[in-house]
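The following exercises concern the packing of helices, the pairing of strands and the contact between chains. Please attempt each task before reading its solution.

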Amino acid sequence: MSLPLLVVDDSSFSRRMIIRALPESWDVNVTQACNGVEALDALKNGSGEVMFLDLTMPILDGYGVLESVRAENIQTKVIVLSADIQPKAEERVKALGALAFVKKPFSKESLAEVLANCGIYSDD
Amino acid sequence: MVAELQRAGLDFIVDRVDVGILVVTRDFEVVLWNRFMAAHSGVAHERIVGSNLFESFPELPREWLAKKLKSVFILNNFAFSSWQQRPYLFRFKHHRPITGGASFMYQDCTFVPFKNQEGDQDLVCITVFDVTDVAIAQKQLSEARQRMEELSNQDALTGVYNRRYLQVQLTREFSRVVRNGGALSVLFIDLDYFKKVNDTYGHPAGDYVLVEVAQRIKESVRTTDYLARYGGEEFAVVLSDTGMNGGINVANRIRERIAEAPFIFEGQTIAMTASLGLSEYRETVETPESLLAESDEALYSAKQSGRNRVVCYKAS
Amino acid sequence: MTELLNDEENEILQEVINIGMGQAGALLAELLDVFVHLSVPQVCWVDGNNFVEQVVQLVEGCGDSWTGVRQTFYNQLEGEVFALYGADGCRHLGKLMGSDEEGGAAEEERLLEVTNILMGACLIGVAEQLNREIDFAPPVLIDINKPISQLLDCRDRDWRKCLLIEVNFRLEEIDFSCHLVMLLSEDSIEQLRTGLLQFMENF
């Protein structure tokens, strides 16, 4: 069965880039969300066993999503993909439970490496 | 050959251009020091290159420069310093020893980061522009502008504010009390039978009385009040932070000061009294204009009821 | 968003700006040793007639007490950038810049310095993503405690359209906030487009 993958980013361009950079052999069922509130709804529907999460978004930002995930004890593996690359941003999201922090712009290779390191997916 | 000539030409230009150019390392070791810098500072190229900048110039703002360099290197971007905030970086004499007006050279500086040819050392190029002429011209201009502004707010004869400026200030004070609460009152002062002074003693005498009256009123109000000549022989004062009770005291003081001693002009004694009308801000007063109108109405009552007196506006 | 760039180009632009601002934020965090809160950058096209209104709307700047600094940038990308500080926005600059020297000139100097840093970091961030060259003229203080309409007032506006990018910086722990309004001239749109296409090729 395909893995439910949730891609959260306010930029549709950015979501497209993320989806294009996914390993080809990875069997996923992608759901997209363009802000934190939509992301939480999708998570509650079971659409996000793994979530790629942007930080700077309108309505509810990535930090807010991480806080709710923790407070409501939602089961999901979170990888943050962010243009905000301050060291403190990385520290904070990891303290809030994110498994990895990927700096934008990123390459297909770096994304594959992060997925492997987190034990989420490896194609060998 | 061409490259060599170009190289020599560049060195020549950097050395002789009419702009100060110096290059320092992260630790302020001087790497380049052009002729402009040497000529104005009296510190020769041979003496300073290879040594620390602060050895030759201990008076430089060390901490400020260190911060400037830090931001230039981290951001890899230009930084600037302008004479308007920091008149100079290096204290040099200026180019106008005779017609000057400044005792030092005003400078604009630019800080540009770059790397040495090997790419292993951070350097910053500092350019120092002499902007003394611009600075002097601009200072003269802003002094002239300020003077002009003062003049345009003044009544030419008496030197107190004019009607236009009083209205501007009243509007400002009015919106302040509307917003923040507090007291505000307006006092109108009109000289009694002033026309007779002009008719009897001549206009120079009348002008003299107006100047002296303005002076006496000025001595009776605070510096935070706004005194203006409102019309011919009519003055107005915006009394900030003052209600009716305080206003009455000020008004009576002014009335007494005008009446107590006659004015002496070219040996002639001219007695003078004034009528005064006072109004204060209340929530029902909607505009600054209506506050003025109430004060004017009170002044009219003072004239009607016999002059040389103070009348406060009473809402009917 | 515009007729001057197509939808695809606009989307890339938004992303390039996000990345540029992110890099600027990281540099500022390093330089000032603070955490920077970045807003979602707003991008829109303005013309000479609606420019001031648009800015007032973007920064919700209806108050009458703003401090403005202006800086020109030029080379392959050219335009002007305005830093707008609300009444409380720049009160604690001294703390931020590690200096508490008082007096008008010292405070103005700090204001220009921090503005130069913000503007430089943001524009260089964007220019680097686009692989375009950019240079700066010194920042100039426009005025203190004036309505925005007055700060941005200029009589000879001879441009038709330009690209406006607005981003809001807030610093944690220090009461500081600043709106940067960047205006890119119509003449540099071709350079911008070239840069956007190059950026895409890197993916």
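**Exercise 1: Two helices of chain B**

H8(B) and H9(B) are oblique to each other. The model under study is a predicted one.

Task: Justify the word "oblique" for H8(B) and H9(B), and state which residues meet.

Solution.
1. Helix H8 (residues 194-201) of chain B packs against helix H9 (residues 203-220) of chain B at an angle of about 140°, and their axes are 6 Å apart.
2. Angles over 145 degrees count as roughly antiparallel, and 65 to 115 as roughly perpendicular.
3. The angle of about 140° belongs to neither class, and the pair is therefore oblique.
4. From H8(B), Phe194(B), Val197(B), Asn198(B) and Tyr201(B) meet His203(B), Ala205(B), Gly206(B) and Val209(B) of H9(B).
5. This contact of H8(B) with H9(B) comprises five nonpolar, three polar and no charged residues.

**Exercise 2: The sheet of chain A**

Task: Determine the strand order of the five-stranded open sheet in chain A, and identify its edge strands.

Solution.
1. The order is S2-S1-S3-S4-S5 (chain A), and the pairing is parallel.
2. Strand S2 (28-33) and strand S5 (100-103) of chain A each pair on one side only, which makes them the edge strands.
3. From one strand to the next, the twist averages 20°.
4. Within the sheet, strand S1 (residues 3-8) of chain A pairs with strand S3 (residues 50-53) of chain A over four bridges, in the parallel sense.
5. Opposite Leu6(A) stands Met51(A) in S3(A).

**Exercise 3: Chains A and C**

Task: Describe the contact between chain A and chain C.

Solution.
1. Chain A contributes 17 residues and chain C contributes 17 residues.
2. On the side of chain A, helix H1 (residues 12-20) supplies the largest share, four residues.
3. The residues on this side of chain A comprise seven nonpolar, six polar and four charged.

Methods: Residues numbered from 1 in each chain as written. Chains lettered and ligands numbered in written order. Predicted model: local features only at pLDDT ≥ 70, side-chain atom pairs only at ≥ 80, totals over all residues. Contact = placed C-beta atoms within 7 Å. Nonpolar A, V, L, I, M, F, W, Y, C, P; charged D, E, K, R; others polar. Pairing = 2+ DSSP bridges. Axes fitted to C-alpha atoms, helices over the stretch in contact; angles between N-to-C directions. Parallel < 35°, antiparallel > 145°, perpendicular 65-115°, else oblique.
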